[in-house]
Amino acid sequence: MEDRSDLYDVYTTNAPPPWEDLQHQCLEDQDNVECLRRKLKYYFMNPCEKYHARGRKPWKLILQIIKIAIITIQLVSFGLSNQMVVTFKEENLMAFKHLFLKDYADGGMDSYAVYRQVDVYDHIDYIIKQYGHLPNITVGNHAYEKKGDFYTPLSVCQDFYRNGTIYPGNDTFEIDAHVETECFEVYPMYNPSLQETLPHFELHFKRMLSVKVTFVLKAINLQTVRHRELPDCYDFTVIITFNNQVHSGRIKVDLENDVDINECRDWKVAGASARNIYLTVLFDCFIIITCITSLALCTRSVINGIQLQFAYTLYSQNCCGQKVPWSDRLEFVNGWYILIIASDTLTIVGSILKLEIQSKVLTNYDLCSIFLGIGTMFVWTGVIRYMGYFRKYNILILTLRAAFPNVIRFICCAGIIYLSYCFCGWVVLGPYHEKFRTLNTVSECLFSLINGDDMYPTFKNMKQKSSLVWVFSRVYLYSFVSLFIYMILSLFITIITDTYDTIKQQQLSGIPTSELQKFMSVCQDLPNSGMYRLEENSCFLNCCVTRCRKHQETHQERLTSEA
């Protein structure tokens, strides 16, 4: 690490700094001005320079290193647990498809449909029989839901138009748009069938919109025992839908699975110690305490920066007659501290949710994983801050910070063109191309085209049922690719490249780029000079501000007396 960063290079030029012309008008001592410069320079030092300047240990740096390690360990541990939960859900969903869908094959859900009336009855009858024989056929620990002394029944509900007479041969129809729902319940039996359990069940195919078969099954995820975690009890609400809303002669069949994770009522785990569970709880509590400490230290630093910015602003306005620009004011608000505060807050909330999940008070793994995941991402992103203290490694941070305003403006303009292509492609190509069926898929397809992915299949899969639409699709895709890849993307890269060249030239020249840096560059005291220990307990800021205010009042009184 070099002794001094480029931020503190001395501003050397033949012309006097602009504030020196006004400095003789200020009645304050030169020592107070130097104290202000020294205070500002100390605030923008890195932890190693601050240690040489005042001998203060870099507690925030040490705490951040510890926090990165323990938060990463926590995330990996929770990620493994969450992976077991997701795997258990997905495999149960696949098991239900094979158990309750007749002649189902893996990966055939998109084309799984029935086309004859007798097939619809056969499929519903198959579901009822499989549901009745479930304890004898399943290889899992599935069981019926039980309320009191009775099992919950399977429900068969049919949605259809209230009334209607349809004669396609005569091109006439009469329909009542009101939808009615007719439901039947089937309780688990050993040898059930559709005709025995529902002898009066009849489907109104011409008026039918859908048929939904719903039932609830329970299971226990026992694989967590091997990882010294208490198993969860699951409620699977299985919904099998026969969709006939299109009335095209093809009834699509779909199986959905809503999952509720509950705390098991009565449990006992033999041959395993609860010590690991207690250690995990203590580890999470240690992480919460660490994040609270980091949050307090970073909040204090942000407050100190705001106070120092206020003092510098008063000095410039009252003593030098200059207004501090917002770019210089924002220098005092350290964005890295804001990022660490956000990561600490997210990690604290995620750790609390994790403790509640381990104690089985809550079972929302997804919400907890979002908090912990974003918190860990922010923590690791904050590591770049310490890389920026090295002169040769801070080019990325300086380039991103300088190019950010121009990038935002560019994205806003390019985003308008991008949205126009999304809406146009969705309306025109949606009926003929599966990648343009929804706005979400259109956006994903176009973003893939910008990155050069999946180009040939996008062109090839366009159905040639309409010559006019096919010609439009070619013009649409070619124009989009040419506009965004060859023009917009190239301009975006140019913005980053120009900013990089500008930052590189500034580093080579060593000339400060802002009034704040020029003001600090006059102070040539090295961190190990011992000068920064003198004003550690002094009140030079108050003295400086007070003297400037007195000077301003004296100047006003002089003008009043002369008038």
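**Exercise 1. His 247**

Task: Determine whether His 247 in this predicted model is buried, partly exposed or exposed, and state where in the chain the residue lies.

Solution. Step 1: The relative accessibility of His 247 is 33%. Step 2: Buried requires a value under 20% and exposed a value over 50%, so His 247, at 33%, is partly exposed. Step 3: His 247 belongs to the loop between strand 10 (233-243) and strand 11 (251-262). Step 4: The backbone of His 247 has a positive phi of about 55°, although the residue is not a glycine.

**Exercise 2. Asp 103**

Task: Establish which loop holds Asp 103, and whether the residue is buried or exposed.

Solution. Step 1: Asp 103 lies in the loop between helix 4 and strand 1 (113-114). Step 2: With a relative accessible area of 70%, Asp 103 is exposed, since the cut-off for that class is over 50%. Step 3: Asp 103 is not a glycine, yet its phi is positive, at about 60°.

**Exercise 3. Lys 67**

Task: Classify Lys 67 as buried or exposed, and list the residues that it touches beyond four places in sequence.

Solution. Step 1: Lys 67 is part of helix 4. Step 2: Its relative accessibility is 0%, so Lys 67 counts as buried. Step 3: With residues up to four places away in sequence left out, Lys 67 touches Thr 290, Cys 291, Ser 294, Ile 340, Ser 343, Asp 344 and Val 379.

**Exercise 4. The largest cavity**

Task: State how many cavities of 30 Å³ or more the structure contains, and describe the lining of the largest cavity.

Solution. Step 1: The search of the whole structure gives 2 cavities of 30 Å³ or more. Step 2: The volume of the largest cavity is about 50 Å³. Step 3: Its lining consists of Gln 64, Ile 68, Ile 340, Phe 378, Val 379, Gly 382, Val 383 and Tyr 386. Step 4: At least two lining residues come from each of helix 4 (59-100), helix 11 (365-381) and helix 12 (383-387). Step 5: Sorted by class, the lining has 6 nonpolar and 2 polar residues, and no charged residues. Step 6: Ile 340 and Val 379, both in the lining, are also among the residues touched by Lys 67.

**Exercise 5. Tyr 337**

Task: Identify the residues in contact with Tyr 337 beyond four places in sequence, and give the C-alpha separation of Tyr 337 and Arg 385.

Solution. Step 1: Tyr 337 is located in helix 10 (residues 335-358). Step 2: A relative accessible area of 5% places Tyr 337 in the buried class. Step 3: Apart from residues up to four places away, Tyr 337 touches Lys 60, Cys 298, Ser 301, Val 302 and Arg 385. Step 4: Tyr 337 and Arg 385 are 48 residues apart along the chain, and their C-alpha atoms are separated by 9.7 Å.

**Exercise 6. Aromatic pairs**

Task: Assign the geometry of the ring pairs Tyr 418 with Phe 484 and Phe 459 with Tyr 478.

Solution. Step 1: The whole structure holds 22 aromatic pairs. Step 2: The ring centres of Tyr 418 and Phe 484 are 6.0 Å apart and the planes meet at 75°, so this pair is edge-to-face. Step 3: The pair links distant parts of the chain, with Tyr 418 in helix 13 (residues 395-429) and Phe 484 in helix 16 (residues 467-509), 66 residues apart. Step 4: Tyr 418 and Phe 484 are both buried. Step 5: Phe 459 and Tyr 478 form a tilted pair, with 5.1 Å from centre to centre and 45° between the planes. Step 6: Phe 459 lies in helix 15 (residues 455-460) and Tyr 478 in helix 16, 19 residues apart. Step 7: Phe 459 is buried, its relative accessible area being 14%.

**Exercise 7. Annotated segments**

Task: Compare the UniProt "transmembrane region" annotation with the helix content over residues 367-387 and 407-429.

Solution. Step 1: The unreviewed UniProt entry places this annotation on residues 277-297, 335-355, 367-387, 407-429 and 475-496. Step 2: Residues 367-387 are 95% helix and 0% strand, with the end C-alpha atoms 32 Å apart. Step 3: Residues 407-429 are 100% helix and 0% strand, with the end C-alpha atoms 31 Å apart.

Note on methods: Residues numbered from 1 in each chain as written. Predicted model: local features only at pLDDT ≥ 70, side-chain atom pairs only at ≥ 80, totals over all residues. Heavy atoms only, no water. UniProt positions renumbered as here; feature names shortened; annotations may be inferred. Helix = DSSP H or I, 4+ residues; strand = E, 2+ residues; numbered from the N terminus. 1 Å grid on protein atoms, 1.4 Å probe; cavity = no way out; pocket = protein on both sides within 12 Å on 5 of 7 lines; lining within 4 Å. Points joined across faces, edges and corners; volume = space filled by probe spheres on them. Nonpolar A, V, L, I, M, F, W, Y, C, P; charged D, E, K, R; others polar. Buried < 20%, exposed > 50% of the residue type's maximum accessible area, 1.4 Å probe, protein only. Contact = heavy atoms within 4.5 Å. Phe/Tyr/Trp six-rings, centres within 6.5 Å; stacked < 30°, edge-to-face > 60°.
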